[in-house]
Structure formats: structure tokens, C-alpha cells
Amino acid sequence: MSILSYGVRAIVARRWRWLPWVVSALIVSPAWAVSPALTLDQAQQQALSHAPQIEARQARTTAAREESARAGALPDPQLTVGIDNLAVQGPGAFTAGGDSMTMRTVGITQTLPSASKRGAERAFASANVQLASAAETTSTLAIRQQVADAWVSAWGAHHEQMMLEALKAAWVQDIAMAEAHLRSGTGNAADVLAARMEALDLANRIDTAAADEAQARARLMRWLGQPVDQPLGDAPDFGVLPVDEAALLAQLDRQGALLEWPARESAAEAALDEAKAEKHPQWSVGMSYGSRVRGLSDMVSLQVGVSLPLFTRNRQDRGISARAADLDAVQAEHEDARREQAGAIQAAWAQWQALGQQVRRHRDVLLPLAEDRSALALAAYRGGGDIQPLLQARRDELSHHADYARMQADYGRAWASLAYLLPTQGDAP
């Protein structure tokens with residue numbers, strides 16, 4: 001049972017005379033009554049199964065895999081056709097049979113890049129596959145986080161309404177008591193007006209909580225692709241996380257914010273290897289067949305070519321230096337991202353722990369004290385005392401309950417920010 005549900009039950013237990021009001025607050029609308037409750041896990045699964053963002057990431061991963069499959073392959077051969085030894089003077093100038101040396105040729109040439117260059121191309125393509133796959137997992141974790149944030153906000157706002165509705169009966173009782181004192185001559189009209197004004201403030205708070213829930217459900221609709229009209233299920237235990245702080249700090253590169261950085265480093269290393277491969281000569285081989293006229297024999301030609309990287313200082317070496325600088329930049333940025341993520345985890349962990357302590361303190365100490373104070377003020381007013389201490393006690397009790405409900409939602413969001421940092425087995429593509 002969640003802490004907030006426990007708080008609502010505590011109110012009912014301590015104020016059993018409010019039971020009809022509490023029951024009316026807990027009854028959901030007719031549209032919800034026939035719908036199964038939507039749990040956080042169900043909302044996340046539904047969002048992931050209908051997320052266009054995931055479909056886009058999957059398409060990019062497929063594209064990267066297709067590119068990887070062809071990386072490092074030999075380039076297509078080149079087919080050549082032409083006329084060799086064409087005469088440009090004399091009676092047979094510019095005719096195919098004008099000279100015995102003229103021949104029609106057809107040939108094929110194959111370029112042979114160095115093995116190191118082809119290997120670098122394969123490594124770069126493989127890094128792009130890793131990068132696309134990491135982006136897909138990162139998007140999955142981000143959607144889980146966004147859905148959890150919206151779900152917890154809607155859940156918290158709904159339970160805030162429940163808690164405020166549970167307080168409504170006491171305010172109605174105060175108004176009735178003030179009116180009774182007025183009729184008996186022991187009170188005055190100002191007390192009745194003051195009690196009614198405080199009741200209106202409670203109504204405003206309930207309306208605000210209802211609006212907050214509607215807004216959070218609208219955010220859920222953005223991820224689920226349809227209106228969220230059903231009631232929300234029980235919240236997970238916000239006091240328990242799947243992993244502890246030390247485990248999170250030890251697995252920084254597996255977290256969504258850093259998943260892409262190892263692939264970026266691999267891509268930068270492959271680009272550096274490819275730049276180094278430019279210093280290796282590139283070979284080509286070719287063969288052509290020449291057909292001559294006038295009964296002369298046909299001819300075959302063979303060619304072997306090789307590139308000559310002679311001026312490497314201002315060409316290949318500068319490219320190598322540029323790619324090495326790129327690699328240094330990526331590694332430095334990766335380390336900076338690690339530090340930022342480590343700091344964010346420690347800050348989020350501290351906030352989660354602090355909110356947990358505050359929630360428990362409100363539940364176990366502040367709320368009971370506020371209720372006892374209201375009970376004492378009510379007894380004093382019944383005995384003929386002034387109404388202002390009672391109204392002040394009611395206001396403080398109302399503020400403590402509203403703060404408790406919002407604090408519980410903050411506690412849930414802090415929990416979600418840590419619970420979905422690491423991918424599960426089903427999140428990996």
C-alpha cells in the first residue's frame with residue numbers, strides 16, 4: 001500500500017464521522033467505473049508500442065545495418081569502350097578503317113582500395129550501427145521517463161483531490177456550528193462569513209487539483225496516442241529503487257544520457273583509421289580488348305595502376321591530424337558527460353532521500369498533529385471560544401494535507417528519474 005493511500009485511510013480512521021464524504025470522494029466517475037485501472041507499467045508498455053519516435057529510431061537502425069552490410073566492399077568495376085589509334089590526317093582521317101593501327105576497344109577496370117581503408121570503412125559503419133542502436137535505447141528510456149512523470153503527476157493530483165474531499169465534511173460542520181451559534185445568540189454573522197470563505201478556499205484547491213490531473217492526463221495522451229479516461233492503478237513503492245546509488249555511479253555508460261558516447265568514440269577512431277589509410281597506395285587493374293580491321297589480328301591490353309601519395313605533409317598528414325583532434329574532442333566531451341551524469345545522479349539521489357524523509361514526517365507526525373490541533377480548536381469553539389483559532393487550525397491542516405499530496409507526487413517523480421536510468425533486457429533493440 002502506498003504512503004499516500006495510507007494517509008487517506010488515516011484520515012478516515014481518525015475522522016470516521018466523515019465517512020460519507022470520504023466515500024463520495026473515492027467513488028470514480030461512471031466512465032471510469034467500467035474501465036480497468038491503468039498501472040504505470042501498462043502505460044509505459046502502451047506508449048512504447050505506439051511511439052512514432054521508436055519507429056523512427058528502428059528505421060534508422062535498419063538503415064545503418066544495411067549500410068554496414070555493404071561497407072568495405074570493392075567499388076564497382078568500370079566498363080570502357082572506345083577507339084584507339086584513330087588517324088587524324090590523310091585520306092582515312094577520322095574513320096574507323098582509315099589506318100591499320102586503328103581498333104575498336106572494350107575493357108574493364110577494377111579499383112583495389114587498401115585493406116586498411118576497407119577495414120576502416122567497415123569499422124565506421126559498425127560504429128554507426130551502434131550509434132543508431134544506442135539512440136533507439138535512449139529514446140525508449142526517455143519515453144519511460146516521460147510517461148512515468150505524467151502518470152505520477154496525474155496520480156498525485158487525483159489523490160490530492162481525494163484528501164481534500166475527505167476534509168470537506170469538517171468545513172461543512174464548522175459552517176453549521178457557526179450558524180447554530182448565530183441562531184442561539186452566542187455567535188455573530190462575521191463568524192459564519194469567515195467559515196464560508198474558508199470553505200470556498202477549499203473548493204478552489206479541489207478545482208486546482210482537478211485541473212492539474214486533467215493536464216497530466218493530457219500529457220499521458222501525447223504518449224499513449226488516445227485519451228486516458230480510465231482510473232489509475234496503485235503506484236509502485238517509491239521508497240524502493242531497482243539499483244542503489246553505487247551501482248548507478250558504476251554503470252554511467254549504460255545509462256540513457258551516455259549510451260551514445262562509446263559509439264561516437266568508435267566512429268571517431270574509425271575516421272582516424274580511414275585518414276591514416278589514405279597514405280597507403282590505391283591499386284587498380286584493367287584489361288581491354290581491341291578489334292582491328294583489314295584482317296589484322298586483334299589485341300589485348302593489361303594495365304596496372306597505383307596512386308602515389310607523394311605530398312603527404314599538406315594532404316594526408318593534415319587529414320590525420322584533423323581526425324585525431326576530433327577523437328580527442330569526443331573523448332573529452334565523453335568524460336565531461338560522465339562527470340555531469342554522476343553529479344546529476346548524486347543530486348537526484350539526495351533529493352529522493354530528502355523527499356522520502358519529508359513524506360514520512362508529514363504522514364507520521366505533521367498530519368496527526370494538525371488533526372489534533374483542529375480537534376482541540378473545535379472543542380474550544382464548541383465551549384464558547386472564538387472561531388478564529390479553529391479557522392487557523394483548519395487552514396494549517398488543509399495546507400499540510402495539500403503539501404503532503406504534492407510532496408508525494410514529487411517523491412514519485414524523483415523516484416522515476418532514478419528508476420529508469422538503466423535499460424532493462426526488453427529495452428535493448
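Reader: Which residues of helix 5 are buried, and what does buried mean?
Author: They are Ile-54, Thr-61 and Ala-64. These residues lie on the same side of helix 5, because they cover an arc of only 80° around the axis. The arc is taken from the directions from the helix axis to the C-beta atoms. Buried means under 20% relative accessible area, exposed over 50%, and partly exposed in between (1.4 Å probe, protein chains only). This is a predicted model: local features need pLDDT of at least 70, side-chain atom pairs count only at pLDDT 80 or more, and totals for chains, interfaces and linings use all residues. Residues are numbered from 1 along each chain as its sequence is written, and side-chain values use heavy atoms, with hydrogens and water left out.

Reader: What covers the buried residues of helix 5, and what counts as a contact?
Author: The cover includes helix 4 (40–49) and helix 6 (115–184). Contact means heavy atoms within 4.5 Å. The face turned away from the buried side carries the exposed residues Pro-52, Glu-55, Glu-66, Ala-69 and Arg-70.

Reader: What makes residues 52–70 a helix, and how does its reach compare with the expected span?
Author: Helices are DSSP runs of H or I with at least four residues, strands are runs of E with at least two, and both are numbered from the N terminus. Helix 5 has 19 residues. The expected span is 1.5 Å times one less than the number of residues. That gives 27 Å for helix 5, and its first and last C-alpha atoms are 28 Å apart, which is close. Gly-72 follows helix 5, with a positive phi near 80°.

Reader: How do you know whether Arg-60 is buried or exposed?
Author: Arg-60 has 58% relative accessibility, so it counts as exposed. Arg-60 belongs to helix 5. Its C-alpha atom is 9.8 Å from that of Asn-128, 68 residues apart along the chain.

Reader: And Ser-321: what class does it fall into, and why?
Author: Its relative accessible area is 48%, between the two limits, so Ser-321 is partly exposed. Ser-321 is in helix 10. The C-alpha atoms of Ser-321 and Ala-275 are separated by 8.9 Å, with their positions 46 residues apart along the chain.

Reader: Which class does Thr-105 belong to, and what value decides it?
Author: The value is 13%, so Thr-105 is buried. Thr-105 sits in strand 2 (residues 103–112). Leaving out residues up to four places away in sequence, Thr-105 touches Thr-80, Val-81, Gly-82, Ile-83, Asp-84, Tyr-289 and Gly-290.

Reader: How do you know that the length of helix 9 fits its residue count?
Author: Helix 9 has 17 residues, so at 1.5 Å a residue it should span 24 Å; the end C-alpha atoms are 24 Å apart, which agrees. The buried residues of helix 9 include Trp-261, Glu-265 and Leu-272. Helix 6 and helix 10 are among what covers them.

Reader: Why is a set of residues called a nonpolar core?
Author: Because it is a set of buried Ala, Val, Leu, Ile, Met, Phe, Trp, Tyr and Cys residues joined through side-chain atoms within 4.5 Å. The largest such core has 56 residues, and those with the most contacts inside it are Ile-143, Trp-151, Leu-224, Trp-352, Trp-415 and Leu-418. Helix 10 (316–382) gives this core its largest share, twelve residues. Apart from it lies another core, of 13 residues, among them Ala-178, Ala-377, Leu-391 and Ala-393.

Reader: What makes Leu-224 count as it does, and what does Leu-224 touch?
Author: At 4% relative accessibility, Leu-224 counts as buried. Leu-224 belongs to helix 7. Not counting residues up to four places away in sequence, its contacts are Leu-38, Ala-43, Gln-46 and Ala-47. Leu-224 and Gln-44 are 180 residues apart in sequence and 8.3 Å apart in space, C-alpha to C-alpha.

Reader: What makes a space a pocket, and what is the volume of the second largest pocket?
Author: On a 1 Å grid over the protein atoms alone, a pocket is an open set of points with protein on both sides within 12 Å along at least five of seven lines; a cavity is a set where a 1.4 Å probe fits but cannot get out. Grid points are joined across faces, edges and corners, and a volume is the space filled by probe spheres set on the points. The second largest pocket has about 170 Å³. Lining residues have an atom within 4 Å of a point. Of the 15 that line this pocket, the closest to its centre are Pro-242, Ala-419, Tyr-420, Leu-422 and Thr-424. Helix 4 gives the most to the lining, with three residues.
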